[in-house]
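Notebook open, model loaded. I want to look at the empty spaces first and then at the ligand.

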Amino acid sequence: MDDEQADCMDGLTVEGCTRCPALVDSRSRIVDGVGPADADVLFVGEAPGAQEDAEGEPFVGRSGSVLDEQLRTVGLERDAIRITNCVRCRPPENRDPSTEELANCRGYLEAEIERVDPDVIVTLGKVPGEHLLGRSVAVTKETGTVEEIRVGEAATPYRVLLCLHPAATLYDRSQESAFAETIREAAALAGVSPSDEGGQSRLGEY
Ligand code: URA
């Protein structure tokens, strides 16, 4: 058993990892993914921010509110999906994770993908898109496109749906419709039809 396997025995929960010294200093805790271990859709963000670090859960700050709102609109309830990050510890001053930090956490992400075995992986933003596809991504142009990747020993490839980061809609309102459309596509790929209860998107209110 290597160190990584010992730190993550169930494929989902990382314990006591000290691979990235700067992140060990900046984190309050390791922020594991949340949601059902057999979810059809796995959302992958970049790294925890301040709120996520404080609460120990991915996407619980403003970006999380934008995402939750759009999930509801398309009939994907937050507690039916799984959500995780490429890197599980908050980088100092919310900087992007370094290449080395992404690589250090890669095995945990791959273990989670294999354990959850989702129908579709949705990458939220440029960093997770590039990390999983292994190429540069122009996320504003490519949001809504699907590509297949191989992960670990899995017999079949996984579909990756590139998506804007929800925060992009906070900085630039013109991105709202593309973000909404991509989340709708995620629901369609997972076989969920838009719910009547979810109603109109209120994204414009954020
Ligand atoms: N942004 C991310 O990429 N991940 C989070 O968990 C929160 C914000």
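Which helix gives the most to the lining of the largest cavity? I'm working from a predicted model, and there the answer is α5, with four residues.

**Entry 1: the cavity**

I looked for enclosed space and found one cavity of 30 Å³ or more. I noted that 16 residues line the largest cavity, and that C17, C20, R27, C89 and C105 are the closest to its centre. Its volume comes out at about 110 Å³.

Next I checked the helices. Both α2 (21-26) and α5 (99-116) supply at least two residues of this lining. I then sorted the lining of the largest cavity by character and got ten nonpolar residues, two polar and four charged.

**Entry 2: the pocket**

Then I turned to open space. The largest pocket has a volume of about 650 Å³. I count 29 residues in its lining, with E46, S63, H165, A167 and Y171 closest to the centre.

Four helices each put at least two residues into the lining of this pocket: α3 (50-55), α4 (62-73), α6 (126-133) and α8 (168-171). By character, I have the pocket lining down as twelve nonpolar, ten polar and seven charged.

**Entry 3: the ligand**

Where does the ligand sit? I placed the ligand in the largest pocket.

I listed the residues around the ligand as G45, E46, A47, P48, E52, P58, F59, N85 and H165. That shell splits into four nonpolar residues, three polar and two charged.

I wanted the polar contacts next, so to speak the handshakes between protein and ligand. For E46, a backbone N or O atom lies 2.8 Å from an oxygen atom of the ligand. For A47, I again have a backbone N or O atom, this one 3.0 Å from a nitrogen atom of the ligand. H165 uses its side chain: an N or O atom there is 3.0 Å from a ligand nitrogen.

How much of the ligand's area does the protein bury? On its own the ligand exposes 240 Å², and I get 91% of that buried by the protein.

**Entry 4: cross-check**

I went back over E46 and H165, since both turn up in two of my lists. E46 is among the residues closest to the centre of the largest pocket, and its backbone has the 2.8 Å pair with the ligand oxygen. H165 is also among those closest to the pocket centre, and its side chain has the 3.0 Å pair with a ligand nitrogen.

Conventions: Residues numbered from 1 in each chain as written. Predicted model: local features only at pLDDT ≥ 70, side-chain atom pairs only at ≥ 80, totals over all residues. Heavy atoms only, no water. Near = heavy atom within 4 Å. Polar contact = N/O pair within 3.5 Å; in protein donor to acceptor, adjacent residues only side chain to side chain. Areas by Shrake-Rupley, 256 points an atom, 1.4 Å probe, with all protein chains shown as cover. 1 Å grid on protein atoms, 1.4 Å probe; cavity = no way out; pocket = protein on both sides within 12 Å on 5 of 7 lines; lining within 4 Å. Sits in = over half its atoms within 2 Å of the grid points. Nonpolar A, V, L, I, M, F, W, Y, C, P; charged D, E, K, R; others polar. Points joined across faces, edges and corners; volume = space filled by probe spheres on them.
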